[in-house]
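Student: I have a structure open and would like to talk through its helices, core and charged pairs. Could you take my questions one at a time?

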Amino acid sequence: ELAARFCDDDAEGCELRRGWDSLGDMSDLLRGHDQLRDVLFERLGHVLQTIALTDRRTGRKVIVGNTHLFYHPMASHIRCLKALIACRQLDLERRAQCGEGDERKCDVLLCGDFNSHPR
């Protein structure tokens, strides 16, 4: 369960928070707001497609993610949190495909419908 990954460092299944320090703040936020956590993980779906592509000549890899974020105009905070989750998932995929510390051989591209507009 995705929600279980946003937890205290000692708890089982916390690879999202251990691997990315910025998720500590998100974990603290969600721990203090049951309603937000419920909306984020129980009521709204998650859409993220990923693929790892390899250049046959160079061996260089690119991890591509495609997402569709929540549409409501008053839900920028939800889109931001969902984008953070998508980025973390892409980082996990990058680490799985390219290994730790070998970022130069592996690029990441996130695209999709972010349901945002310039102001």
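Student: How far apart are the end C-alpha atoms of α4, and what span should its 23 residues give?

Tutor: Happy to start there, with a note that this is a predicted model, in which local features need pLDDT of at least 70, side-chain atom pairs count only at pLDDT 80 or more, and totals for chains, interfaces and linings use all residues. Residues are numbered from 1 along each chain as its sequence is written, and side-chain values use heavy atoms, with hydrogens and water left out. Helices are DSSP runs of H or I with at least four residues, strands are runs of E with at least two, and both are numbered from the N terminus. The expected span is 1.5 Å times one less than the number of residues, so α4 should span 33 Å, and this agrees with its end C-alpha atoms, which are 32 Å apart.

Student: Which residue just after α4 takes a positive phi?

Tutor: Helix α4 covers residues 76-98. Just after the helix, a positive phi of about 85 degrees is taken by G99.

Student: Is S76 of α4 buried, exposed or partly exposed?

Tutor: We call a residue buried under 20% relative accessible area, exposed over 50% and partly exposed in between, using a 1.4 Å probe and protein chains only. S76 lies in helix α4, and its C-alpha atom is separated by 9.0 Å from that of N115, 39 residues apart along the chain. Because its relative accessibility is 41%, S76 counts as partly exposed.

Student: Which elements give two or more residues to the largest nonpolar core?

Tutor: A nonpolar core here is a set of buried Ala, Val, Leu, Ile, Met, Phe, Trp, Tyr and Cys residues joined through side-chain atoms within 4.5 Å. The largest one has 10 residues in all: M26, L30, L36, L40, F41, L44, A75, I78, L81 and I85. Two or more of these come from each of α2 (23-31), α3 (34-43) and α4 (76-98).

Student: What separates R88 and D91 along α4, and how close do their N and O atoms come?

Tutor: Side chains of opposite charge can pair when their charged atoms come close. Here a salt bridge is a side-chain nitrogen of Lys or Arg within 4 Å of a carboxyl oxygen of Asp or Glu. R88 and D91 are three residues apart in helix α4, so about one helical turn separates them. Both are buried, and their closest N and O atoms are apart by 2.6 Å.

Student: Which residues are joined into one network with D91?

Tutor: R95 also meets D91 in a salt bridge, at 2.9 Å from N to O; being four residues apart in α4, the two are separated by about one helical turn. At 23% relative accessibility R95 is partly exposed, whereas D91, at 13%, is buried. Through salt bridges that share partners, D91 is joined to R88, R94 and R95.

Student: What is the relative accessible area of R43, which pairs with D38?

Tutor: The side chains of R43 and D38 meet in a salt bridge, 2.8 Å from N to O. D38 counts as partly exposed because its relative accessibility is 26%. R43 is exposed, with a relative accessible area of 63%.

Student: Which backbone oxygen does the side chain of T67 reach?

Tutor: T67 lies in strand β2 (residues 61-68) and counts as buried because its relative accessibility is 6%. Leaving aside neighbours within four places in sequence, T67 is in contact (heavy atoms within 4.5 Å) with residues including L48, L110 and F114. At 2.5 Å, its side chain reaches the backbone oxygen of V47.

Technical notes
Polar contact = N/O pair within 3.5 Å; in protein donor to acceptor, adjacent residues only side chain to side chain.
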